[in-house]
Amino acid sequence: SHISWSRLLEEHPDCLSVSYDQTVPTKEYSFQRSSPLSDECIGVTLQCTYEEDLTGARQHLRWFEISSGSTLFFMTRDAVSTDAFVPSKSSEGWGRTDLLNQLRNSYDVIPVSVDKDMGGYRNTIPRHVELEVKYFQESKGNKRLVEVSLYYEDLCTTQKPEQFGGNANILSTMKERGIVPCEVDVEGNIK
């Protein structure tokens with residue numbers, strides 16, 4: 001349920017790592033034509049499993065049902081030392097320190113938002129989630145995040161097909177949106 005961001009970017013075989021000596025930084029708002037050269041990861045694929053109960057009743061939307069344009073969480077623009085995650089007093093938990101809390105609602109964090117055209121709906125799950133991270137190479141050894149977006153693609157409805165007791169009205173609404181029921185087993189349970 002957690003991904004080490006730096007480890008993914010630095011060690012994934014589909015990421016191209018440019019050596020420190022060959023890295024060519026750029027400016028965040030550069031108006032001159034320059035040819036920056038830095039690490040890149042394009043098309044990294046991860047296989048994930050939903051931890052959530054996909055069929056149970058719930059009062060609030062789940063992260064993958066959030067509508068287009070909604071903010072799910074925030075990421076820091078610049079790297080944060082691992083020491084910032086370690087509690088320094090008993091009232092703090094790992095990753096819930098006063099130091100990290102001070103970053104909230106500041107310029108130091110950027111929202112991770114669901115794309116305005118590719119969001120979710122109640123009673124659906126995306127079978128493909130794309131995370132797009134844009135950054136600039138501020139210096140040879142420092143990257144700064146600029147924008148992060150999520151795209152939900154290939155949605156299917158968690159409503160069982162009608163022959164397995166699915167709600168006909170919900171299934172009809174989903175069909176109008178081009179969303180079909182998720183693949184089910186012989187008992188009608190989502191695979």
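A disulfide is a pair of cysteine sulfur atoms within 2.5 Å. With that cut-off in hand, let us walk through this predicted model, starting with its sulfur links and moving on to its charged pairs and its nonpolar cores.

## Disulfides

By this rule the structure has two disulfides. One of them joins cysteine 15 to cysteine 41, with an S to S distance of 1.9 Å. The angle about the S-S bond is 120 degrees, and the link of cysteine 15 and cysteine 41 is right-handed. Cysteine 15 belongs to strand β1 and cysteine 41 to strand β2, so this bond ties together parts that are 26 residues apart in sequence. The two ends sit in unlike surroundings: cysteine 15 counts as buried at 15% relative accessibility, while cysteine 41 is partly exposed, with a relative accessible area of 30%.

The other bond joins cysteine 156 to cysteine 182, with S to S at 2.0 Å. The link of cysteine 156 and cysteine 182 is right-handed too, with 85 degrees about the S-S bond. Here the pair connects distant parts of the chain: cysteine 156 is in strand β6, and cysteine 182 is in the segment after β7 (180–181), 26 residues apart. Cysteine 156 is buried at 1% relative accessibility, and cysteine 182 is buried at 6%.

If you number the bonded cysteines of the protein chain in sequence order, the pairing reads 1-2, 3-4.

Why does cysteine 48 form no bond with the closest cysteine sulfur? The closest one belongs to cysteine 15 and lies 15 Å from the sulfur of cysteine 48, so the two are too far apart for a bond. Cysteine 48 is also exposed, with a relative accessible area of 65%.

## Salt bridges

Side chains of opposite charge can pair when their charged atoms come close. This structure holds ten salt bridges. The table lists three of them, with their N to O distances.

| Acidic residue | Basic residue | N to O distance |
|---|---|---|
| Aspartate 39 | Lysine 143 | 3.0 Å |
| Glutamate 65 | Arginine 62 | 3.0 Å |
| Aspartate 78 | Arginine 144 | 2.7 Å |

Take the salt bridge between lysine 143 and aspartate 39. This pair links distant parts of the chain, with lysine 143 in strand β6 and aspartate 39 in the loop between β1 (15–16) and β2 (40–41), 104 residues apart. Both ends are partly exposed: lysine 143 has a relative accessible area of 33%, and aspartate 39 has 21% relative accessibility.

Which parts of the chain does the bridge between aspartate 78 and arginine 144 tie together? Aspartate 78 lies in the loop between β3 (71–76) and α2 (98–103), and arginine 144 lies in strand β6, so the bridge ties together parts that are 66 residues apart in sequence. At 23% relative accessibility aspartate 78 is partly exposed, whereas arginine 144 counts as buried at 17%.

Salt bridges with shared partners also join Arg58, Arg62 and Glu65 into one network. Are glutamate 65 and arginine 62 buried or exposed? Glutamate 65 is buried, at 1% relative accessibility, and arginine 62 is buried as well, with a relative accessible area of 9%.

## Nonpolar cores

The largest nonpolar core has twelve residues: Ile66, Met75, Ile110, Val112, Val114, Leu145, Val148, Leu150, Tyr152, Leu155, Met174 and Ile179. Two elements, β4 (109–114) and β6 (142–157), give two or more residues to this core. Which element gives the most? That is β6, with five residues.

Next to this stands a second, separate core of five residues, including Leu54, Phe64, Ile125 and Cys156. Cysteine 156 therefore has a place in this second core as well as in the disulfide to cysteine 182.

Leucine 150, a member of the largest core, is a good residue to click on in your viewer. Leaving aside residues up to four places away in sequence, leucine 150 touches Leu72, Val112, Ser113, Val114, Asp115, Met118, Val129, Glu130 and Leu131. Among these contacts, Val112 and Val114 are themselves listed in the largest core.

## Bringing it together

Strand β6 is a thread that runs through this report. This strand gives five residues to the largest core, holds lysine 143 of the bridge to aspartate 39 and arginine 144 of the bridge to aspartate 78, and carries cysteine 156 of the disulfide to cysteine 182.

Definitions and conventions:
Residues are numbered from 1 along each chain as its sequence is written. This is a predicted model: local features need pLDDT of at least 70, side-chain atom pairs count only at pLDDT 80 or more; totals for chains, interfaces and linings use all residues. Side-chain values use heavy atoms; hydrogens and water are left out. A nonpolar core is a set of buried Ala, Val, Leu, Ile, Met, Phe, Trp, Tyr and Cys residues joined through side-chain atoms within 4.5 Å. Buried means under 20% relative accessible area, exposed over 50%, partly exposed in between (1.4 Å probe, protein chains only). Helices (H or I, at least four residues) and strands (E, at least two) are DSSP runs, numbered from the N terminus. Contact means heavy atoms within 4.5 Å. A salt bridge is a side-chain nitrogen of Lys or Arg within 4 Å of a carboxyl oxygen of Asp or Glu.
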